[in-house]
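Got the model open in your viewer? Let's walk through it one selection at a time.

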Amino acid sequence: MADTMRIPKDVAMDLPRVSVCGDREIFIENHKGLLEYTDTDIRIRMRDGIIHISGDGLRIIVMEYERMVIDGRFRCVEYEK
Amino acid sequence: MFKKIFKFATGYVIIEVTGKNSERFINMCLHNGLEICDAVPIEGGQRMNIRRRDFGRIRRIVYKCGVRVRIISKHGLKARCSSLRRRCGFFVCGAAVCIFFLVVPQYIWCVEINGVYDADTEKIAEALRECGVYVGAKKSDIAELSEIKDAVLRSSDELNWAWLYMEGSKARLEVQEVTPVPAVDDMDTPTDIIAACDGVIRSAVVTRGERRVNAGMTVTEGELLVSGKVAVFREGYPEKYMYVHSQGRMIADTIRRESGKYSAQETLRIKTGSSGKRLTLELFGKSFEMFRDISCGYDEYDVTEEVYDLKLPIFGYMGISAVVSRVDEVRETVHELSGDEVIARAKEELEEKICRGLGTGAVKTGEELSFTEKDDVYDVELRMYFRENIGIEVPTEE
């Protein structure tokens, strides 16, 4: 239906929008909260799963109700169901 | 940049959240609309920034999550102001210094008049005062410097040139006095020529007036040499006189004498090497002595003064001077002079006295020195022989 009406999926289906800028910065919208936070691993809850970010020197620059900016040197971004 | 300024303006608190549910604490903060920045994981929790106004709202969340929150530091404008409030004295002093540097150079704190030898300094200072240049006057109220210079020149006939300089808070007036005009003989006034001292006339050249002496004659002080009253009648006719301004050159051999008593003992003031310093502050035209007793406890002392003005590169003289008086202890000792030394000094002094009373074109032809000594006191007499013009002009008596 979202495809048919050409509405962005993150708006229509409340899906997370993850923007990765190289391996230095990740911008996440529509998150549902923080599950784990260390300087090597960050686990963020989404509507239907978990995003697991691993790397070195991870740091949450800004965290608001719906958006989050993470800084650091990333190794991988993984979706866990 | 604007975000940083906004963050600084609103203020923020760096807190450390420790406990099992530190992530939950963050989530609950977000659900309650609190913004979290710069979250850094630490051992057993996180360190983060939270807005100052939000800090009061986390108490309930802390209670629910069972975490411990510790304030690391407070930042922002309000925190900076509250920390600076304790330095109130410092800022008051700083403000006072700023006001001082802004206000003081706007006034005159010292008026200096240089180059005055014979002129009346008070009169010049009064002329400056009338033009608004005095201690405590506001510089902006002062008229054009060239106008003040003209006013000073008009006020005194003794001045040839003047210029006023403004050096910070100091007004410096440089003046040059008028060179006296040589006296011009008033040829219309009848005068006689009389002898200034005793002597034997060697030559008498009279260009105007009636000669009363000739070469070889001995004259005494005050004797008439040339008369300005000239007879213009023939024998047998009624007496008739013409009064003229006498002129002539009366060269005579003269003797000048001077004598005096001179002691063979001379008192010398020798520095002992012990010295002290006394400070006097001159603040805005007023003098304040820092020490009541300038003697430094010495019985005999000599004082030399040095003045230091406070001058700053942009502001110039700031109206503050320090006068440092160096007080040297001295010891008076009596020094015995030899006879030759006493005579030499006496001769020098007596010669100076004689030369002060000499006429024009005097030439020394000889001298005699005699003395007697009694109880280390020398009675010295100096006789000097001159060939000189002894004629001086005096008004003719009718």
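Here is the tour, stop by stop.

First, some housekeeping: residues are numbered from 1 along each chain as its sequence is written, and chains are lettered from A and ligands numbered from 1 in the order in which they are written. This is a predicted model, where local features need pLDDT of at least 70, side-chain atom pairs count only at pLDDT 80 or more, and totals for chains, interfaces and linings use all residues.

**Stop 1: chain A**

Select chain A and switch on the cartoon. You should find two helices and six strands, in the order α-α-β-β-β-β-β-β along the sequence. (Helices are DSSP runs of H or I with at least four residues, strands are runs of E with at least two, and both are numbered from the N terminus.) Of its 81 residues, 21% are buried. Here a residue is buried if 20 or more other C-beta atoms lie within 10 Å of its own, exposed if 12 or fewer, and partly exposed in between, with C-beta atoms placed from the backbone.

Now pick A:N30, in the loop between β2 (25–29) and β3 of chain A. A:N30 is not a glycine, yet it has a positive phi of about 60 degrees. With 17 other C-beta atoms within 10 Å, A:N30 counts as partly exposed.

**Stop 2: where the chains meet**

Show both chains. Which elements of chain A give two or more residues to the side that touches chain B? In total, 14 residues of chain A are in contact with 14 residues of chain B, contact being C-beta atoms, placed from the backbone, within 7 Å. The elements to highlight are β3 (34–37) and β5 (49–63) of chain A. The largest share, five residues, comes from β5(A). Colour this side of chain A by class and you get eight nonpolar, two polar and four charged residues. (Nonpolar covers Ala, Val, Leu, Ile, Met, Phe, Trp, Tyr, Cys and Pro; charged covers Asp, Glu, Lys and Arg; the others, Gly among them, are polar.)

Next, add strand β2 (residues 36–42) of chain B, which runs antiparallel to β5(A) and is joined to it by three bridges. Strands count as paired if DSSP finds at least two bridges between them. Zoom in on A:M63, which stands opposite B:I36 in β2(B). While you are in β2 of chain B, click B:D38, a non-glycine with a positive phi of about 45 degrees.

**Stop 3: the cores**

Keep A:M63 and B:I36 selected, and add A:I70, B:F25, B:I26, B:C29 and B:I50: these have the most contacts inside the largest nonpolar core, which has 31 residues. Such a core is a set of buried Ala, Val, Leu, Ile, Met, Phe, Trp, Tyr and Cys residues joined through C-beta atoms within 7 Å. Beyond its neighbours within four places in sequence, B:I50 is in contact with B:Y12, B:V13, B:I15, B:L34, B:I36 and B:F55. A second, separate core of 15 residues includes B:I124, B:I148, B:A171 and B:L173.

From B:I50, step to B:R51 in strand β3 (residues 45–51) of chain B. B:R51 is partly exposed and touches B:T10, B:Y12 and B:E35, not counting residues up to four places away in sequence.

**Stop 4: a three-strand sheet**

Select β5, β7 and β6 of chain B, an open sheet in the order β5-β7-β6 with mixed pairing. The edge strands are β5 (110–114) and β6 (159–167), each with a single partner strand, so one side of each has no neighbour in the sheet. β5(B) and strand β7 (residues 170–177) pair in the parallel sense over five bridges, and B:N114 stands opposite B:E174 in β7(B). Helix α7 (residues 121–130) of chain B packs on this sheet, touching β5 and β7 of chain B. Helix α8 (residues 145–155) of chain B also packs on the sheet, touching β6 and β7 of chain B.

**Stop 5: a strand in the open**

Finish with strand β16 (residues 265–283) of chain B: the number buried among its 19 residues is zero, so it lies largely in the open. β16(B) pairs in the antiparallel sense with strand β19 (residues 316–336) of chain B over 16 bridges; look for B:R278 opposite B:S325. Four bridges also join β16(B) to strand β17 (residues 286–289) of chain B, again antiparallel. In the hairpin of β16(B) and β17(B), with two residues between the strands, B:F284 takes a positive phi near 50 degrees.

Methods
Two residues are in contact if their C-beta atoms, placed from the backbone, lie within 7 Å. Axes are lines fitted to C-alpha atoms, for helices over the stretch in contact, and angles run from 0 to 180 degrees between N-to-C directions.
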